[in-house]
Amino acid sequence: MESVSRVIERVREQIPVIGETESVPITDAVGRVLCQPLIAPRDVPVAPLSLFDGYAMRAPVARGDRFVVAGKQFAGDPPAHLAPGTAMRIFTGALLPEGADTVIAQESTETDDADAIRCTESLSAGAGVRQTGADTREGEVLLPAGTRIGPSMIGLVASTGMAEVRVTRRPRVALLTTGDELLDPGAAFTPGKIYDANGPMLEALLHSAGAEIVCRASLPDDADIIEARLREAADADLIVTSGGVSVGEADLVRAGVEALGRIDHWRVFLKPGKPLAVGEVQGTPFFGLPGNPVSTFVTFLLFVRTALEKAAGQSDPGSLPTQPLPLATARRGADRPEYIRVRRVQRDGRIVLEPYPDQNSGLLSSLAWADGLAFIPEGAELAAGDPVEFIAFKELGP
Ligand code: AMP
Ligand code: MG
């Protein structure tokens, strides 16, 4: 049995980065990965701006100085000309008039008469001004290649005037669920069946990881059908299946993969998720996830998400945010490293991790309840308050 870290390491090394790229509008760029560094095409701001409403003038300015106010400079207007020895009314975000180098805030002035002000503070050149290039310098790397674009970066890109960014095309994924017992949600219920939970869940997980689903089917436990659909699925960048990879009689996915390609890892030293198959089908990377829904979810996050990040060219694949947090209660580790479903709760003014009472890997209610996973090393003897690694998944988005 392989360790989790070894399998992740292999995924990071072996999944190829997609070579094709495309330009997308910045409004569609969240979740996409930059295939080249994003270089600023201009300085931002392109010229000095006023930081607040006040009066533009030329330094030095001493407390008590009096200026005649000769004109107004609004945001969006081209720069006016400041006559020597005068001030100009100016508003937040307006260009500095030519000849001005300083802005005094409205609150630091007194109206002397209808068209003059008196300064109540001294200022040196540059005060009250956002200088050229203070935010961004032309030619500067705004975001390095391999960055997955988040909402916090969109404003920066837009501020430089760029309307599109160049990204790796989305990884194309074939998703096959298997099991004679599966019914599509919405279908009439018949005895012996269960509704397919993994299919819709994996679709959502794939979308949240930036993948495009190009092939999706729910297959019976039939060796010929499974093999035929795996062969078709090999056109995708990545194949993901659920079920059929343990040692039961109806576990036919493994056999199909072995007929068309190979399995590199089968069984990972992990709870939940031991029967996980990783390999390739006609050269296309293959992940055979276990059928138990919680195992499916956990193995997707650890391995498939990492593979998709690598395929999309992300510079830090396997980047789900982790942080150490204390356990709410004492816990003994299992015979395998375990990811347990936990919630963050406040106890005595600090955040601790409360485990779901029943960690059975068939309970989808535990996943919907949880904020994330806590890692419990095999055989660990943890006391209440001991820190463990926490992986947040509730906030996972596109
Ligand atoms: P398997 O790995 O195919 O032996 O499946 C293990 C367990 O997970 C069985 O109880 C299956 O009924 C269940 N299971 C498999 N696929 C799904 C699915 N798509 N949705 C919900 N449960 C599933
Ligand atoms: Mg099955």
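Helices are taken here as DSSP runs of H or I spanning at least four residues, and they are numbered from the N terminus. In the predicted model described below, one such element is helix α5, which covers residues 253-260. Within helix α5, Glu 258 and Arg 254 are four residues apart, and the two are therefore separated by about one helical turn. These two residues form a salt bridge in which the closest N and O atoms are 4.0 Å apart. Glu 258 counts as partly exposed because its relative accessibility is 43%, and Arg 254, at 21% relative accessibility, likewise counts as partly exposed.

The pairing of charged side chains was then examined across the structure. Side chains of opposite charge can pair when their charged atoms come close. The structure holds 22 salt bridges, among them the pair in helix α5 already described. Another is made by the side chains of Glu 395 and Arg 344, with an N to O distance of 2.8 Å. This pair links distant parts of the chain, since Glu 395 belongs to the segment after β29 (387-392) whereas Arg 344 sits in strand β25, the two residues being 51 residues apart. Glu 395 has a relative accessible area of 52% and is therefore exposed, while Arg 344, with a relative accessibility of 28%, counts as partly exposed.

A further salt bridge joins Asp 112 to Arg 118, and here the closest N and O atoms are 3.2 Å apart. Asp 112 counts as partly exposed at 32% relative accessibility, and Arg 118 falls into that class at 30%. The pair does not stand alone, for Arg 66, Asp 112, Asp 113 and Arg 118 are linked in a network of salt bridges.

Cysteine pairing was considered next. A disulfide is a covalent bond between the sulfur atoms of two cysteines. With a pair of cysteine sulfur atoms required to lie within 2.5 Å, the count comes to zero disulfides. With regard to the cysteines themselves, Cys 119 counts as buried because its relative accessibility is 3%, and Cys 215, at 17% relative accessibility, also counts as buried, the limit for this class being under 20%.

Attention then turned to the backbone geometry. Most residues other than glycine have a negative phi, and most peptide bonds are trans. Against this background, the peptide bond from Val 44 to Pro 45 is cis, with omega near -5°, and Pro 45 is placed in the loop between β3 (38-39) and β4 (49-50). A cis peptide bond also runs from Lys 271 to Pro 272, where omega is near -5°; Pro 272 is found in the loop between β20 (268-269) and β21 (277-281).

Positive phi values in residues other than glycine were noted at Gln 282, where phi is near 50°, and at Asp 348, which is not a glycine and has a phi of about 50°. Gln 282 is located in the loop between β21 and β22 (284-289), and its relative accessibility of 45% means that the residue counts as partly exposed. Asp 348 occupies the loop between β25 (338-347) and β26 (350-355), and at 83% relative accessibility this residue counts as exposed. Strand β25, which precedes that loop, is also the strand that holds Arg 344 of the salt bridge with Glu 395.

Finally, the surroundings of ligand 1 were analysed. The ligand is surrounded by 16 residues, of which the closest are Glu 181, Asp 196, Ala 197, Gly 244 and Gly 291. By residue class, the shell around ligand 1 divides into five nonpolar, eight polar and three charged residues. Two of the closest residues, Gly 244 and Gly 291, place backbone atoms beside oxygen atoms of the ligand: a backbone N or O atom of Gly 244 lies 2.9 Å from an oxygen atom of ligand 1, and the corresponding distance from a backbone N or O atom of Gly 291 to an oxygen atom of ligand 1 is 3.2 Å. In addition, a polar backbone atom of Asn 198 is 3.3 Å from a nitrogen atom of ligand 1. Of the 480 Å² of accessible area that ligand 1 has on its own, 74% is covered by the protein.

Methods. Residues are numbered from 1 along each chain as its sequence is written. Chains are lettered from A and ligands numbered from 1 in the order in which they are written. This is a predicted model: local features need pLDDT of at least 70, side-chain atom pairs count only at pLDDT 80 or more; totals for chains, interfaces and linings use all residues. Side-chain values use heavy atoms; hydrogens and water are left out. A residue is near a molecule or strand if one of its heavy atoms lies within 4 Å of it. A polar contact is a pair of N or O atoms within 3.5 Å; within protein, one must be able to donate a hydrogen and the other to accept it, and residues adjacent in sequence count only if both atoms are side-chain atoms. Accessible areas come from the Shrake-Rupley method with a 1.4 Å probe; for residues, only the protein chains shown count as cover. Ala, Val, Leu, Ile, Met, Phe, Trp, Tyr, Cys and Pro count as nonpolar, Asp, Glu, Lys and Arg as charged, and the others, Gly among them, as polar. Buried means under 20% relative accessible area, exposed over 50%, partly exposed in between (1.4 Å probe, protein chains only).
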